[in-house]
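Me: Please examine the structure below with me, by question and answer. I should like each reply to reason briefly and to finish on the value or name requested.

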Amino acid sequence: VALREAARDSRPADDADPDADPVLRTFLRGDLLVGLPAQRSRRRVLLAHIAERSFAPGTRYPERAVDDALKRWCAGGGSDHATLRRYLIDERLLTRDQGIYQRL
């Protein structure tokens with residue numbers, strides 16, 4: 001454990017690089033989701049990454065467009081688009097009003 005922590009501390013932090021985040025390294029292979037973390041805080045990190053990469057802030061999306069964007073992440077079999085959509089709403093990373101979705 002101490003060796004892992006020392007290795008983590010010696011790496012430069014790079015917020016722009018998804019490979020720098022251990023959650024993203026664990027649950028993504030490129031732009032493919034390979035699983036969902038059980039721990040809520042880790043799942044939120046992953047969902048925030050997906051939301052930022054898939055939806056522009058303030059843009060309104062019909063449900064079909066949201067599903068299409070999320071299906072691309074799910075091609076690796078790590079989850080399904082409906083589960084991702086529900087989690088994004090639950091975590092308030094997307095809002096939904098009368099079938100229209102928006103990232104704040």
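**Core, sheet and loops**

Leaving aside neighbours within four places in sequence, Val 66 is in contact with Phe 55, Tyr 61, Arg 85, Leu 94 and Tyr 101 in this predicted model.

Me: Which helix gives the largest share of the core that includes Val 66?
Reply: The largest nonpolar core has 23 residues, and Val 66 is among those that touch the most other members, together with Leu 46, Phe 55, Leu 70, Leu 84, Leu 88 and Leu 94. Helices H2 (22-27), H3 (40-54), H4 and H5 (81-90) each supply at least two residues of this core. The largest share, five residues, comes from H3.

Me: In what order do the strands of the three-stranded open sheet stand?
Reply: Strands S3 (60-62) and S4 (95-97) each have a single partner strand, so they stand at the edges, and one side of each is left without a neighbour in the sheet. S4 is joined by three bridges to S5 (residues 100-102), and the two run antiparallel. The order is therefore S3-S5-S4.

Me: Which residue in S5 stands opposite Arg 96?
Reply: In general, the strands of a sheet pair through backbone hydrogen bonds, either parallel or antiparallel. Here the pairing of S4 with S5 is antiparallel. The residue in S5 opposite Arg 96 is Tyr 101.

Me: What angle does the direction of helix H4 make with that of S3?
Reply: H4 covers residues 63-73 and packs on the sheet, where it touches S3 and S5. The angle between the direction of H4 and that of S3 is about 85 degrees.

Me: Is Tyr 61 buried or exposed?
Reply: Tyr 61 lies in strand S3. Leaving aside neighbours within four places in sequence, its contacts are Ser 54, Phe 55, Ala 56, Val 66, Gly 99, Ile 100 and Tyr 101. Its relative accessibility is 15%, and because the cut-off for burial is under 20%, Tyr 61 counts as buried.

Me: How far apart in space are the C-alpha atoms of Tyr 61 and Tyr 101?
Reply: Tyr 61 and Tyr 101 are in contact. In sequence they are 40 residues apart. From C-alpha to C-alpha, the separation in space is 5.0 Å.

Me: Which residue has its backbone nitrogen 2.8 Å from a polar atom of the Tyr 61 side chain?
Reply: Among the contacts of Tyr 61 are Ser 54, Phe 55 and Ala 56. The backbone nitrogen at 2.8 Å from a polar atom of the Tyr 61 side chain belongs to Ala 56.

Me: Is Asp 67 buried or exposed?
Reply: Asp 67 lies in helix H4. Leaving aside neighbours within four places in sequence, Asp 67 is in contact with His 81 and Arg 85. With a relative accessibility of 13%, Asp 67 counts as buried.

Me: What is the approximate phi of Gln 98?
Reply: Most residues other than glycine have a negative phi. Gln 98 is placed in the loop between S4 and S5, and its relative accessible area of 79% makes it exposed. Although Gln 98 is not a glycine, its phi is positive, at about 50 degrees.

Me: What is the relative accessible area of Arg 92?
Reply: Arg 92 is found in the loop between H5 and S4. Its phi is near 60 degrees, a positive value in a residue other than glycine. Arg 92 is exposed, and its relative accessible area is 72%.

Conventions. Residues numbered from 1 in each chain as written. Predicted model: local features only at pLDDT ≥ 70, side-chain atom pairs only at ≥ 80, totals over all residues. Heavy atoms only, no water. Pairing = 2+ DSSP bridges. Helix = DSSP H or I, 4+ residues; strand = E, 2+ residues; numbered from the N terminus. Contact = heavy atoms within 4.5 Å. Axes fitted to C-alpha atoms, helices over the stretch in contact; angles between N-to-C directions. Core = buried A, V, L, I, M, F, W, Y, C linked by side-chain atoms within 4.5 Å. Buried < 20%, exposed > 50% of the residue type's maximum accessible area, 1.4 Å probe, protein only. Polar contact = N/O pair within 3.5 Å; in protein donor to acceptor, adjacent residues only side chain to side chain.
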